[in-house]
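The exercises below work through one protein chain, each with a task and a stepwise solution. Please keep the sequence and the 3D view at hand while reading.

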Amino acid sequence: RLGASCSLRATPMAEAANPPQDGAKKDMKTKSEAVELVDVKQRLSIGKSKMKAKFFNDDEWKKLREKHEVPSNFLELFDMDDLTEGGGKGGSLMARTKDGKYIVKEMSDGDHTSLLKLTDQLIEIMMAEDTLISAFYAHFSLNGKVFIAMTNCIPSGIKWTFLFDLKGCRDDKAMIMDGNKIRAVHKRCFDCFKCWYCCDLACCPCYPEDRALYCNGKAVAWSGLKLHMTDAQATKVKKLITKDAETLANLQTMDYSLLIAYLVLDQAKVEAGEISEDEKNLIKQSEYVSVYEGKVYVYYMGVIDFLQEWNCKKDIARCIKLCAPHPLSTTPPPNYAEQFKQLGEKVIADAKPLKLKTEQKKTEDDPIDTEAIEVKVDETPKESTDNPDTSKPTPAAAPAEPEPETTQPQPVADTDADGDADAGEEVPLNNDAAEQA
């Protein structure tokens, strides 16, 4: 069969039977790269109607689906009628599956060709766990358009506090600020008749408010963004950004983005359990949760749009943008990778970890819901209730041993109205209560 390397793999027997002439070798290679690009399969079905699509190199993508435990029918949760413009400059159509776990996105001809060539390398990269590069799970053609099905690195249905699209250049932008969506208002040549076009200043009487919000979001994304993480989290994220930038530079691609969304929650409300179930689940599932100045930060991130190769069109675009603010996103892959690495400077190791404390199981006679959790910030062990020492984190409390013949106070969990337990409060126990504990 034809593999992801996009070249015709002739068998030794075929070569021996029909040895190519010296002058025809180059023509055969060129033709095979131009036409014989993919192994087309009809395996997965799309949507409720189970439309059959043409899948490219699906034997290879199946390995990644199995590695990541993606169900074989995951595209049945996708509806073609849900496709809408994704909001990027290219205006590509995209939609999420009904469960929000996967995104189906329309591909340009350039991205389609690039993916055909890079399938083997990308699958190897995505098989690794130490990467922020968003995984692909299917590459297919349907109704005359080509699509990619990929993981959704930013959980859907959440009211994010901030969402940024970062490239390490002046194209960095905010998509959500303080819980409000930011509409992209670009300055294009066909807008030259607008009164604010030349000055582009907020003091202009006719300057649109959307444009001002968009420019403010770009300024924050480029120079004012600080991502507060713990020391361990910051070290890991910086390492992954650097590694992924070098990986994509080796693939000779550019113009990719680090998409990062995060919640900012009040620490007191988190401790009291006064947050939504969605927010509790986000805290449980995120690798990057931290506490900074009384706020809890919950981060999700992923590298996207990494199939753009450097070509003559990009070379021309770079010449046109010579007078634009630098650094540019239109720059060769090695330069782009170096710019992208600078995103690590936005990650600040100045936060404390957040500890998730699971309620202790009671006896079989008094079962509780073990999935209920209490969110606690790391605290130091207390030598006395009057003078707490805040220099060391508190270890997890061990279950109390029953003491049938004592009436001395024992530490128990005081459960509030939310069902959350506040550990460490001392109350006197009789014998029966001690046995229950």
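**Exercise 1. A salt bridge in a helix**

With which residue does Glu 277 form a salt bridge, and how far apart are the closest N and O atoms?

Solution. The model is a predicted one, in which local features need pLDDT of at least 70 and side-chain atom pairs count only at pLDDT 80 or more, whereas totals for chains, interfaces and linings use all residues. Residues are numbered from 1 along each chain as its sequence is written, and side-chain values use heavy atoms, with hydrogens and water left out.

Step 1. The partner of Glu 277 is Lys 280, with the closest N and O atoms 3.7 Å apart; a salt bridge here is a side-chain nitrogen of Lys or Arg within 4 Å of a carboxyl oxygen of Asp or Glu.

Step 2. Both residues belong to helix α8 (residues 277-285), where they are 3 residues apart, about one turn of the helix. Helices (H or I, at least four residues) and strands (E, at least two) are DSSP runs, numbered from the N terminus. An α-helix has 3.6 residues a turn, so residues three or four places apart point the same way.

Step 3. Glu 277 counts as exposed at 52% relative accessibility, while Lys 280, at 15%, counts as buried. These classes refer to relative accessible area: buried is under 20%, exposed is over 50%, and partly exposed lies in between (1.4 Å probe, protein chains only).

**Exercise 2. The faces of two helices**

Determine how the buried residues of α8 and α3 are placed around their helix axes.

Solution. Step 1. In α8 the buried residues are Lys 280, Leu 282 and Ile 283. Seen down the axis of α8, they fall within an arc of 160°, so they line one face of the helix; the arc is that of the directions from the helix axis to the C-beta atoms. Glu 277 and Gln 285 are exposed on the other side of α8.

Step 2. In helix α3 (residues 58-67), the buried residues are Asp 58, Glu 60, Trp 61, Leu 64 and Arg 65. Their arc around the axis is only 155°, which puts them on the same side of α3.

Step 3. Just after α3, Glu 69 takes a positive phi of about 55°.

**Exercise 3. Salt bridges between parts of the chain**

Trace the elements joined by the salt bridges of Asp 130 and Asp 210.

Solution. Step 1. The whole structure contains 16 salt bridges. In one of them the side chains of Asp 130 and Lys 243 meet at 4.0 Å, N to O. Asp 130 lies in the loop between α4 (109-127) and β8 (136-142) and Lys 243 in helix α6, so this pair ties together parts that are 113 residues apart in sequence.

Step 2. Asp 130 is partly exposed, with a relative accessible area of 39%, and Lys 243 is likewise partly exposed, with 30%.

Step 3. Lys 243 also takes part through its backbone: the side chain of Thr 247 reaches the backbone oxygen of Lys 243 at 2.9 Å. Thr 247 is found in helix α6 (residues 231-250) and counts as buried at 17% relative accessibility.

Step 4. Asp 210 forms a salt bridge with Arg 183, with the closest N and O atoms 3.0 Å apart. This pair links distant parts of the chain, since Asp 210 is in helix α5 (residues 209-224) and Arg 183 in the loop between β12 (180-181) and α5, 27 residues apart. Asp 210 counts as partly exposed at 31% relative accessibility, whereas Arg 183 counts as exposed at 52%.

**Exercise 4. Aromatic pairs**

Which geometry do the rings of Tyr 256 and Phe 340 adopt?

Solution. Step 1. A pair of aromatic rings is described by the distance of the centres and the angle of the planes. Rings of Phe, Tyr and Trp (its six-membered ring) pair if their centres lie within 6.5 Å; planes under 30 degrees apart count as stacked, over 60 as edge-to-face and the rest as tilted.

Step 2. Among the 16 aromatic pairs of the structure, the rings of Tyr 256 and Phe 340 have centres 4.9 Å apart and planes at 70°, so the pair is edge-to-face.

Step 3. Tyr 256 lies in the loop between β14 (253-254) and β15 (257-266) and Phe 340 in helix α10 (residues 333-341), so the pair ties together parts 84 residues apart in sequence. Both Tyr 256 and Phe 340 are buried.

Step 4. Ring pairs also link Phe 162, Phe 164, Tyr 262, Tyr 297 and Tyr 299 into a cluster.

Definitions and conventions. Polar contact = N/O pair within 3.5 Å; in protein donor to acceptor, adjacent residues only side chain to side chain.
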